[in-house]
Amino acid sequence: MNNNAIVNGTDSPGSASGDKRDLLALLKLIKKYNLKQTEELLCQEANIRSEELEDLDDKEISSLLTSALGDNQENNASGTTIHAGSENDPEFYDTVYGELRNFVDESLDIYKHELFMVLYPILVQIYFKLVSTGYAKPARDFVEKYGPDLDYYYREDLQNLLLITKRSDLENNDFVTAMETDKFIIRMSRDAHSLFKRHIQDRKQELIADIVAKYLHFDTYEGTARSKAQCDATAGSLIGEARRQDNKIRVYYGLLKEVDFQSLTTPAPSVVEEEDDNDPDAPDKPKKKKPKKDPLFSKKSKSDPNAPAMDRIPLPELKDADKLEKLKALREASKRVPLNKDSLPSVCLYTILNSYHSVTCAEISEDSYMMAVGFTDSSIKVWSLTPAKLREMKTAEHLKDIDKDAEDVLVRMMDDRTGEAARTFYGHSGPVYRCAFAPEKNMLLSCSEDTTIRLWSLHTWTCIVVFKGHLFPVWDVRFSPHGYYFASCSYDKTARLWATDSNQPLRIFTGHLSDVDCVQFHPNSNYIASGSSDRTIRLWDVLNGQLVRLMTGHKGSIYALAFSTCGRYLASGSSDHNVLIYDLSHGQLVTSLVRHTGSIHTMCFSRDGTILAIGGLDCYLTLWDFSKLAEDYIAQNSNASHNPEINEGDTYLLRAFPTKCTPFLTLHFTRRNLLLAVGTFKA
């Protein structure tokens, strides 16, 4: 501070700090309206003498008022005093950021790409500072000047940034909250980070140092700095990148041991074979026959070292009917067609006509017998995909006469006279966004814009339970592969775990910075994955609700998730038209599948895990060689999470099927590896 500006130990008004200038302007305004008592009290509390008010002109008062309203750019243009070289001067921010930009440009190529990643969060924080001090127009000019230099995937964020023009806009804004409450994470080599710190210290850029300390977190590592492609592969989310520490917890991604089918009460008929009788004393004795082991049961399921304990979470016990259904599924799977690059699946596309603007979702049951479709008019329609009709349960009077111990008791309970090819559910009061069949095939879940989740009976064809808890529209709902549990996600930025016998959520998963668009259960039911508009994917532990994986890389909202059949890999589809594959053992990005030109809303792995099918809004269905992809990844044995080798392009693409004009709603592999697809014809 200039010593000449100090009079009797008190700062003169011309060089007073910003806070004191505001107080002086406020006192001048109070004095103007002759509020003497208020003036005296405020002068006493703020330790301000009345003489200090005389040097303050009306422009200072006008500046204070317009700044409080969040818009003083006109006042600035008309001659408000701005002290050059201070943080009250918009040109000061421009100069500081320009120096930083030049430093990045002039850096060695090996460090330039990692250093470039600091520009976006610093630009955003400078914009917030300018708007909060009332300089909306200089703030806009600042972003329009430097914004085009940033990476393409930040363009949408910068457009949203320019909508913030007043101080009041900074409050209760998801984007502002994300940038200010959670530090922006940048993964950087130790050499590049040292270079950046040295630049700030040498140039004495206190503004940049303050922003870095408050709003940035550097996850440094030893080794060579990353290339441009490697930086872009994991960048793009609202939080920057994931810290390596976020992915250190062990994940039990293996599959649970299957039920012992030998213990079934009604085993399949044995196949017999003749036994050679070599007894020389009885050559004419008839040959005995011994039962031949069914190859279906002879294979013992090996325990997976990466699988969780069977009792890690409480799972529902299998009833006899469930065991028989699993046995039926196993027998059908034995007739499965093995898929590979030389033997691709046949595809059956169900096209829904005259309903492009009214159909919101579609789902096919695990056994491929039924299809449910949700509509914007809040109704749900269920079709039978086989000649069998959808029957209703008999009345209570007729159920009394049924033998409860009969093997086909479930069949006898249904009334053949009520069979229909399709049935409709009514109950929601808003568009239905997702349907999900229970593994037992006796219930259907649905979620809606009305913030509720409904559980429907496929025996009585009525609503059983209405689950309330979400505060905003519910985007997705999924049943656990083992039944009983289900997961949901909503615009309220949470994902929740429920049980069918409880109307309150068992777990509430919080952490996403924007609405959660999709959820998916892991095949072993111990984990739930969630994808969000904050462009991150999070893996949650069902047992304790803990976040165990945080994965970044998408440049748009995430709309589809699919776990591989083996449970180790997770595929995610987004509005950025790309599908990313992650390894859950390390939380590492494996590869990016780039082919589609529209948002990805559905994906599905074949039953044997060799093929990944992807359906997009670009009316294309693509098939990818996932077994080759996994083999190549394991062969590379790359565990360096800061330096992944990302293979892009059509390397693993096997086939692309175009439709005439039908975007895909859902994909489903049958037990025999026939691919079923559902879409709405866009006329």
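Reader: Cys-619 lies in the loop between which two strands?
Author: This is a predicted model, in which local features need pLDDT (the predictor's confidence in each residue, from 0 to 100) of at least 70 and side-chain atom pairs count only at pLDDT 80 or more, while totals for chains, interfaces and linings use all residues. Residues are numbered from 1 along each chain as its sequence is written, and side-chain values use heavy atoms, with hydrogens and water left out. Taking helices (H or I, at least four residues) and strands (E, at least two) as DSSP runs numbered from the N terminus, one finds Cys-619 in the loop between strand S31 (611–616) and strand S32 (620–625).

Reader: Does Cys-619 count as buried or exposed?
Author: The backbone of Cys-619 has a positive phi near 65°, and most residues other than glycine have a negative phi. Buried means under 20% relative accessible area, exposed over 50%, and partly exposed in between (1.4 Å probe, protein chains only). Because its relative accessible area is 9%, Cys-619 is buried.

Reader: What is the relative accessibility of Ser-525?
Author: Ser-525 sits in the loop between strand S22 (516–521) and strand S23 (527–532), and its phi is positive, near 65°, in a residue other than glycine. Ser-525 counts as buried because its relative accessibility is 0%.

Reader: How many residues of strand S19 are buried?
Author: Strand S19 spans residues 485–490 and is mostly covered. On one side Tyr-485, Ala-487 and Cys-489 are buried, and on the other side Phe-486, Ser-488 and Ser-490 are buried, which leaves both faces covered. The count of buried residues in S19 is 6 of 6.

Reader: In S19, which residue is the bridge partner of Asp-476?
Author: Two strands pair if DSSP finds at least two bridges between them, and strand S18 (residues 474–479) pairs with S19 in the antiparallel sense over 5 bridges. The hairpin of these two strands has 5 residues between them, where Gly-483 takes a positive phi near 80°. The bridge partner of Asp-476 in S19 is Cys-489.

Reader: In S20, which residue is the bridge partner of Cys-489?
Author: S19 also runs antiparallel to strand S20 (residues 494–499), to which 5 bridges join it. That hairpin has 3 residues between its strands, and Lys-493 in the turn has a positive phi of about 75°. In S20, Cys-489 is partnered by Ala-495.

Reader: At what distance does the side chain of Tyr-485 reach the backbone oxygen of Pro-314?
Author: Tyr-485 is found in strand S19 and counts as buried because its relative accessibility is 7%. With contact meaning heavy atoms within 4.5 Å, and its neighbours within four places in sequence left aside, Tyr-485 touches residues including Pro-314, Leu-315, Trp-498, Leu-506 and Phe-521. The C-alpha atoms of Tyr-485 and Asp-501, which are 16 residues apart in sequence, lie 9.1 Å apart. From the side chain of Tyr-485 to the backbone oxygen of Pro-314, the distance is 2.5 Å.

Reader: At roughly what angle do the axes of helix H5 and helix H6 cross?
Author: In this contact Arg-101, Phe-103, Val-104 and Asp-105 of H5 meet Lys-112, Leu-115 and Phe-116 of H6. Axes are lines fitted to C-alpha atoms, for helices over the stretch in contact, and angles run from 0 to 180 degrees between N-to-C directions. The axes of H5 (residues 90–106) and H6 (residues 109–116) come within 8 Å of each other and cross at roughly 145°.

Reader: In the open sheet with the order S7-S35-S34, what is the sense of the pairing?
Author: In the part of this sheet where S34 and strand S35 (residues 675–680) pair, they do so in the antiparallel sense over 5 bridges, with Leu-667 opposite Ala-677 in S35. For the 3 strands of the open sheet, in the order S7-S35-S34, the pairing is mixed.

Reader: What percentage of the residues of the chain count as buried?
Author: The secondary structure comes to 18 helices and 35 strands, and the chain averages a pLDDT of 84, with 82% of the residues scoring at least 70. Confidence is not uniform, since pLDDT stays under 50 over residues 1–16 and also over residues 69–84. Of the 683 residues of the chain, the part that counts as buried is 49%.

Notes:
Polar contact = N/O pair within 3.5 Å; in protein donor to acceptor, adjacent residues only side chain to side chain.
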